[in-house]
Every structure is written in C-alpha cells, then in structure tokens.
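Reader: I am new to this structure and would like a close look at a single part of it. Please take one pairing of strands, go through it slowly, and then show what lies around it.

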Amino acid sequence: MIATWRIKDWVCVSFKPAHKGSVTDLDVNPSGKVMISCGRDNNVRLWDMTSSKELYSRSTKGRSYDRVRSCGGVLAAKAS
C-alpha cells in the first residue's frame, strides 16, 4: 500500500494497493508531480501525484527492483 497526504492539513488524499507484496522503495520527482515506486512483485511503477493514477508499469521477470531515485528529470531503478 502507498498512502499520500496533503501536507498543509495532513489529509490522506490517496491510499491504494500499489504492488503485489511489499513496496521496497519510492521517490517523488522534484516537481512533486510524479512518483516512482518499486516492489517485491518485480515491478517499477510511475504515478501521477495530482490524480493518484498509475502512469506506467515495467516488469522484469524474476528480478526484484530494490531502489528507485528521481533526480534532474531522470527516473532510475536498480534491480537486484
């Protein structure tokens, strides 16, 4: 599950299943508009932070992603 809150009043704006199994890492782009997450389900997912909708999902069969980062307009994921 991934939950997101609006900081100004700490209202939970999204609480949804994001991956089958545990979420291993997530990061928000400096723009605040896109989040990247990875999980034990061997998927990396991109999320639209304004609508809380999934934008993209990428799977690698048999390899689990364990780290994701967003920096300078680049989204990166490291598979173990």
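Author: Strand 4 (residues 34–39) and strand 5 run antiparallel to each other and pair over five bridges. Two strands are said to pair if DSSP finds at least two bridges between them. The strands themselves are DSSP runs of E with at least two residues, numbered from the N terminus, while helices would be runs of H or I with at least four. One bridge can be picked out by name: Ile36 has Leu46 in strand 5 as its bridge partner.

Before going further, a word on the model. It is predicted, so local features need pLDDT of at least 70 and side-chain atom pairs count only at pLDDT 80 or more, whereas totals for chains, interfaces and linings use all residues. Residues are numbered from 1 along each chain as its sequence is written, and side-chain values use heavy atoms, with hydrogens and water left out. Here pLDDT is the predictor's confidence in each residue, from 0 to 100. The protein chain averages 84, and 99% of its residues score at least 70. Confidence is highest in strand 6, at a mean of 91, and lowest in strand 8 (residues 74–79), at a mean of 75. Where pLDDT is low, the predicted coordinates should not be read in detail.

Back to the pair. The loop between strand 4 and strand 5 contains Asn42. Asn42 is not a glycine, yet its phi is positive, at about 65 degrees. Asn42 counts as buried because its relative accessibility is 18%; buried means under 20% relative accessible area, exposed means over 50%, and partly exposed is in between, using a 1.4 Å probe and protein chains only.

The pair also belongs to a wider sheet. Four strands, in the order 3-4-5-6, make up an open sheet with antiparallel pairing. Strand 3 (23–28) and strand 6 are at its edges; each has a single partner strand, so one side of each has no neighbour in the sheet. On average, neighbouring strands of this sheet are turned by 20 degrees against each other, direction ignored. For such angles, axes are lines fitted to C-alpha atoms (for helices, over the stretch in contact), and the angles run from 0 to 180 degrees between N-to-C directions.

Leaving strand 5 (43–48) towards strand 6 (53–59), the chain passes through a loop that contains Ser52. Ser52 counts as buried because its relative accessibility is 17%. Leaving aside residues up to four places away in sequence, Ser52 touches Ser14, Lys16 and Trp47, where contact means heavy atoms within 4.5 Å. With Ser14, the side chain of Ser52 also makes a polar contact of 3.5 Å. That term stands for a pair of N or O atoms within 3.5 Å; within protein, one atom must be able to donate a hydrogen and the other to accept it, and residues adjacent in sequence count only if both atoms are side-chain atoms.

Ser14 leads to another pairing. Strand 2 (residues 11–16) pairs with strand 1 (residues 2–6) in the antiparallel sense, over five bridges. In this pairing, Trp5 has Cys12 in strand 2 as its bridge partner. The two strands form a hairpin with four residues between them. Trp10 lies in the loop of this hairpin, between strand 1 and strand 2, and has a positive phi near 55 degrees although it is a residue other than glycine. Trp10 counts as exposed because its relative accessibility is 59%.

Charged side chains come next. The structure holds five salt bridges, a salt bridge being a side-chain nitrogen of Lys or Arg within 4 Å of a carboxyl oxygen of Asp or Glu. One of them joins Arg6 to Asp9, with the closest N and O atoms 2.9 Å apart. Arg6 is partly exposed, at a relative accessible area of 35%, and Asp9 is partly exposed as well, at 38%.

Another involves an edge strand of the sheet. Asp25 forms a salt bridge with Arg67, the closest N and O atoms being 3.7 Å apart. Asp25 is in strand 3 and Arg67 in strand 7 (residues 65–71), so this pair ties together parts that are 42 residues apart in sequence. Asp25 counts as buried at 16% relative accessibility, while Arg67 counts as partly exposed at 43%. Asp25 also meets Arg69 in a salt bridge of 3.0 Å, N to O. This pair again links distant parts of the chain, with Arg69 in strand 7 and Asp25 in strand 3, 44 residues apart. Arg69 is partly exposed, with a relative accessible area of 37%. Asp25, Arg67 and Arg69 are thus linked in a network of salt bridges.
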